[in-house]
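Dear colleague,

I am handing over the structure we spoke about, with the sequence alongside. Please have it open while you read the notes underneath.

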Amino acid sequence: MSRLREIAYRLDPVTWVREVLGVEPTAWQAEFLRAPLGSSLLALTARQVGKTTAAAWAMAHTALYVPNSLSVVGCPALRQSGEAVRRVRGIVVKTAAKLKIDNVYGLELDNGSRVLALPSSDDSVRGLTVDGWIIADEAARLSNELIAALRPMRARQPKARLAMLSTAWSRTDPFWTAWAGDEPSWIRLKATADIDATPFAEGFLERERRALGEDDFKREYLGIPAGSHASPFTWELYERATQTHKPQVSPGRAFMPAEAPPVPLTNPFRNLKTAGAVR
């Protein structure tokens, strides 16, 4: 490989995917791969449009061309995170790079770069410092606590990129809250079937619509939370409405209503007339 070609691959991951891996990224995948250093991305996608593949390309490219870097991926289940790492492994092997450490939930290259699969518990992921990619796959199904644990991983590494990729789920999950919000720092990418149906065989989407029903079809392929998952009430609102109020100061006479003076009551039986009654 010429020096100029290697520089081109280092600078443009899309060219690298196209020429080294032999795959043509879609428009949204290309924009995802070319996201500036330090950016935050949201990708709202349909099923089977290559969101995990795009994330694996991104992590593999960083591992190969940024020595000693660390990228992580978090999913609703550790098995899913391990599958993402498996895809990264396949890409790295295809480029003939050498692996120093290789197991189900992580790998390390000879250049010191690592890619780790994270468990779904926020207690187990805190403390990592990431300078590559922080990937939250199926982010709509992740807990707010896990998302909160992922974000500080780049606090000391401003060049790290944070990406939340997901199909739609509810209108109150952490992904949709960010997607529907007005925070301008997010780069929002959309890859739903109404925008690009080319990944699907002819007639597939119509068959899915009939099989799933309108609400589930919109959620899985059009990126529209619907049905019972569209509740406007959150657990936070429920807890605030049902919690018992405890005053900060113990109640005393100063907090009680003024006591009225006692009023004597007349005994109604004292002057009762008992006509004809036996005494």
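What follows is a description of the fold as a whole, then of two helix pairs, the cores and a few single residues.

Please keep in mind throughout that this is a predicted model. The chain has 279 residues, of which 41% are buried, and its secondary structure consists of ten helices and eight strands. Among the contacts in the chain with a separation of 6 or more, 69% are between residues 24 or more positions apart.

Let me begin with the pair formed by helix H4 (residues 51–65) and helix H5 (residues 78–94), whose axes are 9 Å apart and which pack at an angle of about 55°. Because angles of 65 to 115 degrees would count as roughly perpendicular and those under 35 as roughly parallel, H4 and H5 are described as oblique to each other, and their crossing is right-handed. On the H4 side the contact is made by Thr52, Thr53, Ala56, Trp57, Met59 and Ala60, which meet Ala84, Arg87, Val88, Ile91 and Val92 in H5. Sorted by class, the residues of this contact are eight nonpolar, two polar and one charged.

The second pair is helix H8 (residues 204–212) with helix H9 (residues 214–222), where the angle is about 135° and the axes are 7 Å apart. These two helices are likewise oblique to each other, and H8 and H9 also make a right-handed crossing. Phe204, Leu205, Glu208, Arg209 and Leu212 of H8 are in contact with Glu214, Asp216, Phe217, Glu220 and Tyr221 of H9. By class, the contact of H8 with H9 has five nonpolar and five charged residues, with no polar ones.

Staying with H9, its buried residues are Phe217, Arg219, Glu220, Tyr221 and Leu222, and what covers them includes H8 as well as strand S8 (186–191). Directly after H9 comes glycine 223, which has a positive phi near 70°.

Turning to the interior, it may help to recall that in soluble globular proteins nonpolar side chains tend to be buried together. In this model the largest nonpolar core has 47 residues, and those that touch the most other members are Trp16, Trp28, Phe32, Val88, Trp133 and Ile135. H4 supplies the largest share of this core, with ten residues. There is also a second, separate core of 25 residues, which includes Val72, Ile134, Leu150 and Ala168. Of the residues already named, Val88 appears both in the contact of H4 with H5 and in the list of residues that touch the most other members of the largest core.

Which residues does tryptophan 28 touch, if those up to four places away in sequence are not counted? They are Ala43, Thr45, Val49, Gly50, Lys51, Ala54, Leu165, Leu189 and Ala191. One of these, valine 49, lies in the loop between strand S1 (40–45) and H4, and valine 49 is buried, since its relative accessible area is 11% and the cut-off for buried is under 20%. Leaving out residues up to four places away in sequence, valine 49 touches Trp28, Gln29, Ala191, Pro199 and Phe200. With phenylalanine 200, valine 49 forms a pair that is 151 residues apart in sequence and 8.7 Å apart in space, taken from C-alpha to C-alpha.

The loop between S1 and H4 also holds glutamine 48, which, although it is not a glycine, has a positive phi of about 60°. At 69% relative accessibility, glutamine 48 counts as exposed, whereas valine 49 is buried.

Alanine 96 is another residue other than glycine with a positive phi, in this case near 70°. Alanine 96 is found in the loop between H5 and strand S3 (99–103), and its relative accessible area of 62% makes it exposed.

Is arginine 89, a residue of helix H5, buried or exposed? At 16% relative accessibility, arginine 89 counts as buried. Apart from its neighbours within four places in sequence, arginine 89 is in contact with Leu99, Asp102, Asn103, Val104, Gly106 and Leu107.

With best wishes

How values were computed
Residues numbered from 1 in each chain as written. Predicted model: local features only at pLDDT ≥ 70, side-chain atom pairs only at ≥ 80, totals over all residues. Heavy atoms only, no water. Axes fitted to C-alpha atoms, helices over the stretch in contact; angles between N-to-C directions. Helix = DSSP H or I, 4+ residues; strand = E, 2+ residues; numbered from the N terminus. Parallel < 35°, antiparallel > 145°, perpendicular 65-115°, else oblique. Left-handed = near helix turned anticlockwise from the far one by under 90°. Contact = heavy atoms within 4.5 Å. Nonpolar A, V, L, I, M, F, W, Y, C, P; charged D, E, K, R; others polar. Core = buried A, V, L, I, M, F, W, Y, C linked by side-chain atoms within 4.5 Å. Buried < 20%, exposed > 50% of the residue type's maximum accessible area, 1.4 Å probe, protein only.
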